Amino acid sequence: MELIPAIDLKEGRCVRLFKGDFAAETVYSNDPAEILARYRAFGARRIHVVDLDGAKDGTQANREAIVKFAGDRSLKLQVGGGLRSLERVKALLETGVERAVVGSVAINSPDVVISWLSEVDPTRIVLALDVRLDDSGLPMLTTHGWQQTSSVNLWSLVERYMRSGINHVLCTDVARDGALTGPNFELYADAVRRFPELQWQASGGVATARDLIALRDCGVAAVISGKALLENKISPEELRPFLPNASSPVSM
């Protein structure tokens, strides 16, 4: 399992939201390039970048910073936020970004996104499927920067994509995101059990090295973490087994 550090961009700054609430943000740096350099020093191979302004209203306010990040060939990027057209996806990938992360449009217009996959390598697309659990525990999908909850559940939508060639699915439990309360292990274990052929990425709630070990045991391919890394909740030694470019790896 690979740990993919996250950088969330809002108005050019590195921030984190609490449970997806745009009114509950914490600013960690006015220079996101410093955070990128820090993650590189940790030994990260890949960075997850979210354009929160794009996710909220479709603007590309952080494009300049993202293009600059993509110029750092020592790291691979997967980038999402506001990618609601094939043209934007292609333009992003042409900057050197490895994977485009598609969220709201993948939920609201799955046939449109499936059609994109005949023009873009499906392995370069990540479906970002963010969920809130309903009263029965069913993961219901959210859109537009988690501001809206749809009537579609995670399992039915993933099933719809299974013949499209999609490979990577990032699933965030919005209630856990930024809360440092631990991931929803049951959700990810169920996802891997239902769709073992997919490369699942888990996001939301990571707080300790034990969380990383438990997610690895669930069978996910990768885990996205932001706040725990920004606030040094996990030591570099504990991170090393999950960072492909870390020096002097140790077993856990």
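Here is a friendly conversation about a predicted model, covering three serines, the nonpolar cores, a cavity and one helix.

Student: Let's begin with Ser 164. Is Ser 164 buried or exposed?

Tutor: Ser 164 sits in the loop between helix 7 (154–161) and strand 10 (168–173). Its relative accessible area is 13%. Buried means under 20%, so the label for Ser 164 is buried.

Student: Which residue has its backbone oxygen 2.6 Å from a polar atom of the side chain of Ser 164?

Tutor: The side chain of Ser 164 has polar partners in the backbone. The backbone nitrogen of Ile 166 is 3.4 Å from a polar atom of that side chain. For the backbone oxygen at 2.6 Å, the residue is Tyr 161.

Student: And which residues does Ser 164 touch, not counting those up to four places away in sequence?

Tutor: That exclusion sets aside residues up to four places away. What is left for Ser 164 is Ile 114, Leu 117 and Pro 122.

Student: How does Ser 136 compare: buried or exposed?

Tutor: Ser 136 is placed in the loop between strand 7 (125–133) and strand 8 (139–143). Its side chain makes a polar contact with the side chain of Asp 134, at 2.7 Å. The relative accessible area of Ser 136 is 63%. The cut-off for this class is over 50%, so Ser 136 is exposed.

Student: What about Ser 29: which backbone nitrogen lies 2.9 Å from a polar atom of its side chain?

Tutor: Ser 29 belongs to strand 3 (residues 21–29) and is buried, at 7% relative accessibility. Leaving out residues up to four places away in sequence, Ser 29 touches Arg 13, Cys 14, Glu 34 and Ile 35. The backbone nitrogen at 2.9 Å from its side chain is that of Asp 31.

Student: Now for the interior. Which element gives the largest share of the largest nonpolar core?

Tutor: The largest nonpolar core has 66 residues, and Ile 7, Ile 47, Leu 129, Leu 154 and Trp 200 have the most contacts inside it. The largest share of this core is 5 residues, and the element supplying them is helix 7.

Student: How many residues are in the other core, the one with Ala 222?

Tutor: In soluble globular proteins, nonpolar side chains tend to be buried together. Here another core lies apart from the largest one, and its members include Ile 4, Val 126, Ala 128 and Ala 222. Its residue count is 8.

Student: What volume of space lies in the second largest cavity?

Tutor: Searching the whole structure turns up 2 cavities of 30 Å³ or more. The second largest cavity has a lining that includes Asp 51, Gln 60, Arg 63 and Leu 92. At least two lining residues come from each of helix 3 (63–70), strand 5 (76–80) and helix 4 (86–94). The space in this cavity is about 100 Å³.

Student: How many residues of that lining are charged?

Tutor: The lining of the second largest cavity splits by residue type into 4 nonpolar and 3 polar residues, with the rest charged. The charged count is 3.

Student: Last one: which residue caps the N-terminal end of helix 9?

Tutor: Helix 9 (residues 209–218) has Ala 209, Asp 211, Leu 212, Leu 215 and Cys 218 as its buried residues. Their cover includes strand 1 (2–10) and helix 8 (185–194). Just after the helix, Gly 219 takes a positive phi of about 100 degrees. At the N-terminal end, a side-chain oxygen lies 3.3 Å from the backbone nitrogen of Arg 210, and the capping residue is Thr 208.

Notes. Residues are numbered from 1 along each chain as its sequence is written. This is a predicted model: local features need pLDDT of at least 70, side-chain atom pairs count only at pLDDT 80 or more; totals for chains, interfaces and linings use all residues. Side-chain values use heavy atoms; hydrogens and water are left out. Helices (H or I, at least four residues) and strands (E, at least two) are DSSP runs, numbered from the N terminus. Buried means under 20% relative accessible area, exposed over 50%, partly exposed in between (1.4 Å probe, protein chains only). A polar contact is a pair of N or O atoms within 3.5 Å; within protein, one must be able to donate a hydrogen and the other to accept it, and residues adjacent in sequence count only if both atoms are side-chain atoms. Contact means heavy atoms within 4.5 Å. A nonpolar core is a set of buried Ala, Val, Leu, Ile, Met, Phe, Trp, Tyr and Cys residues joined through side-chain atoms within 4.5 Å. On a 1 Å grid over the protein atoms alone, a cavity is a set of points where a 1.4 Å probe fits but cannot get out, and a pocket is an open set with protein on both sides within 12 Å along at least five of seven lines; lining residues have an atom within 4 Å of a point. Grid points are joined across faces, edges and corners, and a volume is the space filled by probe spheres set on the points. Ala, Val, Leu, Ile, Met, Phe, Trp, Tyr, Cys and Pro count as nonpolar, Asp, Glu, Lys and Arg as charged, and the others, Gly among them, as polar.
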